[in-house]
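Grab a pencil and let's work through a few short exercises together. Have a go at each task before you read its solution.

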Amino acid sequence: MAAIQIEIDKDSGFCFGVTTAIKKAEEELANSKKLYCLGDIVHNGMECDRLHAMGLETIEHEQMKSIRHAKVLLRAHGEPPETYAMAKNNDIEIIDATCPVVLQLQRRIKRQFDENPAAQIVIFGKNGHAEVLGLVGQTKSRAVVVENLDDVKQLDFNRDIYLYSQTTKSLDEFHGIIDYIQAHISPSCDFKSFDTICRQVANRMPNIAAFAARHDLILFVCGRKSSNGKVLFNECRSVNPNSFLIESAREIDTEWFRNVATVGICGATSTPKWLMEECRDAIQNMKLPTSL
């Protein structure tokens with residue numbers, strides 16, 4: 001039996017924002033024994049475990065209320081203004097690793113809200129997602145979050161609407177929401193949409209579809225909490241039904257490799273390269289079934 005060919009997707013792995021956040025964490029941990037991170041620094045358990053072993057401690061907002069005179073890293077997703085106010089009151093030094101794309105979006109939404117607080121600021125995103133909470137926070141929690149077209153139908157089409165998007169959402173879905181609002185908004189109202197989707201993430205959709213199409217089997221390596229990962233994995237599976245989502249090499253099933261000549265390994269913006277390489281190495285060391 002010929003050896004299985006394995007390719008790791010060169011476009012998969014950490015996006016710029018996550019890379020920067022992890023670099024900042026590593027730099028701080030090299031100089032101090034203790035660093036808190038508000039929420040998981042990345043939606044990948046294996047990478048979080050690696051950084052925890054270096055001294056990074058994950059906390060939630062409730063825990064931050066009782067912390068004093070410490071350093072807290074804000075991850076790439078960003079935070080609402082209340083978090084910065086809490087840090088100031090508690091003498092907490094913020095290590096701000098908010099992604100520049102997210103930071104720019106926060107500022108745009110705040111500026112729009114300050115200029116016209118009566119308008120509907122609508123954010124296409126996932127309710128409760130860390131980035132979305134930070135965006136909604138720029139509007140004193142008045143922004144409306146829509147996850148799908150059913151949510152969009154509940155908007156008041158007799159009021160001005162300013163539409164933004166969480167940076168990691170689907171471009172196609174965003175355009176569908178724009179079309180629906182344009183078709184239903186009152187002619188006397190103002191509607192503006194702002195394409196705030198990160199192109200580094202958006203461009204992964206067509207790239208990963210092409211990658212999935214050229215392999216017999218796809219291993220999508222990703223933490224199951226990753227929103228971006230779910231979107232990209234579904235894209236892989238739509239192109240190649242022989243696609244499997246795994247969090248680590250331990251989940252690989254040798255039975256998947258029957259009649260397989262080529263394997264593609266890819267992942268989300270929260271997937272470290274070293275984890276995809278670990279999966280490749282595990283396959284190379286496995287005793288795989290012979291073809292039927």
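**Exercise 1: Lys65 and its partner**

Lys65 is partly exposed, with a relative accessible area of 44%. Here, buried means under 20% relative accessible area, exposed means over 50%, and partly exposed is in between (1.4 Å probe, protein chains only).

Before you go on, a word on the model: it is predicted, so local features need pLDDT of at least 70 and side-chain atom pairs count only at pLDDT 80 or more, while totals for chains, interfaces and linings use all residues. Residues are numbered from 1 along each chain as its sequence is written, and side-chain values use heavy atoms, with hydrogens and water left out.

Task: find which residue forms a salt bridge with Lys65.

Solution:
- Step 1. Get the rule straight: a salt bridge is a side-chain nitrogen of Lys or Arg within 4 Å of a carboxyl oxygen of Asp or Glu.
- Step 2. Recall the idea behind it: side chains of opposite charge can pair when their charged atoms come close.
- Step 3. The partner is Glu62, and the closest N and O atoms are 2.7 Å apart.
- Step 4. Check the partner's surroundings: Glu62 counts as exposed because its relative accessibility is 57%.

**Exercise 2: Placing Arg68**

Task: work out where Arg68 is found, and say whether Arg68 is buried, partly exposed or exposed.

Solution:
- Step 1. Look between α3 (61–64) and β4 (71–74): Arg68 is in that loop. Helices (H or I, at least four residues) and strands (E, at least two) are DSSP runs, numbered from the N terminus.
- Step 2. Arg68 has 44% relative accessibility, so Arg68 counts as partly exposed.
- Step 3. Now go back to Lys65: its backbone oxygen lies 2.9 Å from a polar atom of the Arg68 side chain.
- Step 4. For a longer view, try Ser141, 73 residues from Arg68 along the chain: their C-alpha atoms are separated by 26 Å.

**Exercise 3: Linking two helices**

Task: the whole structure has 15 salt bridges. Pick the one between Arg50 and Glu26 and describe it.

Solution:
- Step 1. The two side chains of Arg50 and Glu26 meet at 2.7 Å, N to O.
- Step 2. This pair links distant parts of the chain, as Arg50 sits in helix α2 (residues 45–54) and Glu26 in helix α1 (residues 16–31), 24 residues apart.
- Step 3. Arg50 is partly exposed because its relative accessibility is 30%, and Glu26 is partly exposed at 29%.

Technical notes: A polar contact is a pair of N or O atoms within 3.5 Å; within protein, one must be able to donate a hydrogen and the other to accept it, and residues adjacent in sequence count only if both atoms are side-chain atoms.
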